[in-house]
Amino acid sequence: MNNMGILSLSNNLSKDLKERLPKQRKNQRESLSLLTATMLLVRSPNTVDLASALPRKADRIDMRYQWISRFLSNTHINVEEIMHPYAIEIFKRLAQGGGTLILMIDQSKVASGHEVLMVSVRLRDRAVPVMWKVVKTSGEIGYKEQKELLKKVQSFIPSGAKVVLMGDRFYGTSDLIFYCQELKWDYRLRLKGNLLVESEEIGETTTGELGRSRIKFVENVFLTKRKVKTNIGFARESGHPETWIIAMASKPSFYKTMDYGMRFGIEGLFSDLKSRGFSIEDSQLKHAERLERLLLVMALALYWAVSTGLWDEQHNPFPYEKKVQSNGQ
């Protein structure tokens, strides 16, 4: 894609943003569109690489570099505000006909000393980003930040939509289970093996001891000293060294437990943002807010690519896609 190609795509992105965010300032919209189009070309978050390809009148690369730096440090670029219409659109699409929104929460390293806490939504076999928060830390991002992020995501969800939240063992906590119950969300949260479990039927034991038994699931058990009531399913698959211990609100079954496998869609998303795609670790940015805006550019690039693919599938389907559409899938 040459400069004319970037400018053409940027104009289309700008029109799309104007329709979704009519009150957004023109200069913000045009800057965001131009940087997103350039990102799609170079597939690199490195600001020097972006500056080299950026089609602006300034001939000197250092001036284009400064333009990118000013954009990423612009506090008026509100990630939540910009993601809102995109998330609403995809949520409405997925919730049509009673569909369930499969949300995934996880974190990953995005730069030296910085981690991103990400919530994504499953779209077929992949995941697309919904909201995120970058924190300067080398450890796990705690429940306070998890709740704040999920509260923002909740504001995007259509009324009455069914939701399932999925997360690995760091997110299988009483606090997060209780919050899902408050939101009336279902969940598939993997539990650690050292958590206390109690009920009249099984007495007092641990999740690990139950996992080593032949029990397939337990219902209405109290978890940890906080005594949050939940159901738990156990999956013991050949080839997997550890039992999946999955907390859920649904009536437990083997298939409900195996739903947890859909969580791995977010691993593919992180690969898109990192080594397999945009390589955000190479950005060399050192401020959390700037990393969050850089992730916004990447998210819009992914949304544009996904929406283009869905449009093409609908209007120019391959023979097997026609068959799927004719079957109403």
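Helix axes are lines fitted to C-alpha atoms over the stretch in contact, and angles run from 0 to 180 degrees between N-to-C directions. This is a predicted model, in which local features need pLDDT of at least 70 and side-chain atom pairs count only at pLDDT 80 or more, while totals for chains, interfaces and linings use all residues. Residues are numbered from 1 along each chain as its sequence is written, and side-chain values use heavy atoms, with hydrogens and water left out.

Helices (DSSP runs of H or I, at least four residues) and strands (E, at least two) are numbered from the N terminus. The axes of α1 (residues 3–20) and α2 (residues 26–42) come within 8 Å and cross at roughly 135 degrees; the two helices are therefore oblique to each other, a term for angles that are not under 35, over 145 or from 65 to 115 degrees. In their contact (heavy atoms within 4.5 Å), the α1 residues include Leu13 and Leu17, and those of α2 include Leu34 and Ala37.

Elsewhere, an open sheet of 10 strands with mixed pairing follows the order β3-β2-β1-β4-β5-β10-β9-β8-β6-β7, where two strands pair if DSSP finds at least two bridges between them. Its edge strands, β3 (126–136) and β7 (203–206), each pair on one side only, and the twist averages 30 degrees from one strand to the next.

At the β3 edge, 10 bridges join β2 (residues 114–123) to β3 in an antiparallel arrangement, with Ser120 opposite Pro129 in β3. Helix α10 (residues 265–273) packs on the sheet, touching β1, β2 and β3, and its direction makes about 40 degrees with that of β1. Helix α5 (residues 79–95) also lies across β1 (100–111), β2 and β3, running at about 150 degrees to β3.
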